[in-house]
Amino acid sequence: MSSAMSTRALTLAAAAAVVASVVCMPTAQAAGRPDFQLPTACGETWTATTYSGHAPSYSVDLNHYPGDDTGRPVVASAAGTVTVADSGGGWAGTHVRIDHGGGWTTHYAHLSSTEVTAGTTVAAGQMIGRVGNTGNSTGAHLHFEQTLNGAGQPAVFDGAAYSYSTRNLTSNNCGSPEPASPAPVSAVGDLTGDGKPDLLARASNGAKTLWIYPGLGNGRFGTRIDNGGWAAIDQVSGVGDVTGDARSDVLAVEKSTGKLWVYPGGTDGRLGARVDNGAGWNSMRITGTQDMNGDGRGDVLALEAETGDLFLYPGQSNGHFGARVQIGTGWNSMSVAAGAGDLTGDGKNDVAAVEEASGKLYVYPGLGDGKLGARVEAGTGWNSMSSVSGAGDYTGDGKDDLVARHNDGKLYVYPGTGTGRLGPRIDNGAGWNFDN
């Protein structure tokens with residue numbers, strides 16, 4: 001979509017605010033046509049626009065207003081196999097294409113990042129990427145196409161044809177819960193009892209096996225420990241001690257219920273009986289921290305997707321959390337945000353975040369009272385990372401570090417320097433988007 005057309009789409013969408021419901025035309029199901037749904041999370045309302053000459057034919061641009069849509073989840077319109085998932089440039093920028101069989105495909109363009117790889121089998125409603133502004137685009141939005149044998153087709157959502165005028169559409173793509181932000185890897189404190197921080201990594205296989213990789217203290221990791229299938233879980237993150245046993249714990253949001261669970265960490269790389277923290281967490285993008293408010297207990301940072309507000313939930317010592325405190329606004333402009341340990345060398349834990357528009361990594365110094373100070377730029381090109389987190393000293397030099405997984409599946413440890421900036425990274429090899 002050209003910059004002029006993007007601006008026009010924004011104007012049309014603003015005018016569409018008076019449209020209260022979808023205006024679609026009934027359509028006969030084409031032979032073999034999949035049951036296409038809106039490529040957005042169940043229940044969300046998006047504005048659809050198009051214009052004369054929009055190419056390929058019958059393409060639809062989608063925005064979720066108000067505010068910047070950067071980073072909002074994009075989900076598969078129907079079940080199929082991913083044939084393209086890359087950031088190879090061109091007009092589409094970062095994009096995903098899915099083959100649904102019978103010659104039918106869908107295309108999702110201008111993404112900020114992808115959550116799948118070519119060859120992956122996906123279900124309807126499964127998260128495949130995030131809205132962005134890449135390629136020939138000005139203004140974050142999702143460019144979407146339905147094609148048959150390579151030719152654009154009039155889009156059909158939930159059995160009704162889109163009428164190709166500015167309309168508000170509500171997603172019925174509810175076949176499976178939409179994962180909010182399942183990080184491929186997450187730094188976590190010591191779960192193996194050797195005094196060194198470890199790593200959580202979840203497989204992309206059907207069982208979603210959760211592995212704990214023991215940190216070796218040299219920027220590398222030892223033999224992984226199997227913690228069973230976590231397919232019922234959406235988000236997973238390490239967190240400091242919230243159970244009062246002086247050991248780090250694990251956070252998990254359950255897909256079907258939206259409940260937040262705390263899994264107590266042990267000293268053998270395995271987890272204890274979980275503690276229920278109630279429902280409603282599937283609307284939040286969560287990350288655990290070692291301690292942000294200076295009370296010695298782990299806390300939860302939670303980004304509310306609808307508003308972009310960032311909240312701190314202070315950990316207690318019984319596996320639960322206290323009343324949340326708002327500590328920031330506009331955080332939906334960040335593609336990745338995570339607790340990062342003490343990167344500034346002042347003895348207080350910080351937050352690391354990647355700005356979607358620029359790809360810059362910023363460190364937000366923790367002030368020790370749950371609030372954040374003025375950010376420090378720590379690098380560029382970080383929009384190629386699908387996860388960033390930190391939970392201590394992984395290199396054995398007494399300074400806290402960052403762990404990051406690249407979109408290509410490589411894992412890196414970035415040594416902290418104690419200044420908010422990072423040293424030369426340590427390559428832990430490829431395959432961290434593993435299937436087994």
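**His-110, a buried residue with a positive phi.** His-110 counts as buried because its relative accessible area is 0%, the class being defined as under 20%, with exposed set at over 50% and partly exposed in between (1.4 Å probe, protein chains only). The model is predicted, so local features are reported only at pLDDT of at least 70 and side-chain atom pairs only at pLDDT 80 or more, whereas totals for chains, interfaces and linings use all residues. Residues are numbered from 1 along each chain as its sequence is written, and side-chain values use heavy atoms, with hydrogens and water left out. His-110 is located in strand β7 (residues 104-114); here helices (H or I, at least four residues) and strands (E, at least two) are DSSP runs, numbered from the N terminus. Although His-110 is not a glycine, its phi is positive, at about 65°. Most residues other than glycine have a negative phi, and most peptide bonds are trans.

**Asp-158, a partly exposed residue with a positive phi.** Asp-158 is found in the loop between β12 (156-157) and β13 (160-162). Its phi is near 55°, a positive value in a residue other than glycine. Asp-158 counts as partly exposed because its relative accessibility is 41%.

**The cis peptide bond between Ala-55 and Pro-56.** Omega of the cis bond joining Ala-55 and Pro-56 is about -10°. Pro-56 belongs to the loop between β2 (45-49) and β3 (60-63).

**The surroundings of Val-242.** Val-242 is part of the loop between β19 (233-239) and β20 (249-254). With a relative accessible area of 0%, Val-242 is buried. Residues up to four places away in sequence aside, Val-242 touches Asp-249, Val-262, Gly-298, Gly-315, Gln-316, Ser-317, Asn-318, Gly-319, His-320 and Phe-321, where contact means heavy atoms within 4.5 Å. Of these partners, Gln-316 lies 74 residues from Val-242 along the chain, yet the C-alpha atoms of the two are separated by 5.6 Å. In the chain as a whole, 50% of the contacts between residues at least 6 apart in sequence join residues at least 24 apart.

**The aromatic pair of Phe-221 and Trp-432.** A pair of aromatic rings is described by the distance of the centres and the angle of the planes. Rings of Phe, Tyr and Trp (its six-membered ring) pair if their centres lie within 6.5 Å; planes under 30 degrees apart are called stacked, over 60 edge-to-face, and the rest tilted. This rule yields eleven aromatic pairs. One of them, formed by Phe-221 and Trp-432, is edge-to-face, with 6.5 Å centre to centre and 65° between the planes. The pair connects distant parts of the chain, 211 residues apart: Phe-221 is in the loop between β17 (209-213) and β18 (225-229), and Trp-432 in the segment after β34 (426-427). Phe-221 is buried at 13% relative accessibility, and Trp-432 is buried with a relative accessible area of 9%.

**The aromatic pair of Trp-331 and Tyr-364.** The rings of Trp-331 and Tyr-364 form a tilted pair, 4.7 Å centre to centre with 45° between the planes. This pair also links distant parts of the chain, 33 residues apart: Trp-331 is in the loop between β26 (325-328) and β27 (334-339), and Tyr-364 in strand β29 (residues 361-364). Trp-331 is buried, its relative accessible area being 7%, and Tyr-364 counts as buried at 10%.

**The aromatic cluster around Trp-432.** Four residues, Tyr-213, Phe-221, Tyr-394 and Trp-432, make up one aromatic cluster.

**Arginines over tryptophan faces.** Arg-224 is placed over the face of Trp-211, at 3.6 Å from the ring centre. Arg-274 lies over the face of Trp-261, at 3.5 Å from the ring centre. A charge sits over a ring if NZ of Lys or CZ of Arg is within 6 Å of the ring centre and within 35 degrees of the ring normal.

**The open sheet from β27 to β30.** Four strands form an open sheet in the order β27-β28-β29-β30, with antiparallel pairing. Its edge strands, β27 and β30 (376-379), each pair on one side only; two strands pair if DSSP finds at least two bridges between them. Strand β27 runs antiparallel to strand β28 (residues 351-355) and is joined to it by five bridges. Among the bridge partners, Ala-337 is matched with Ala-353 in β28.
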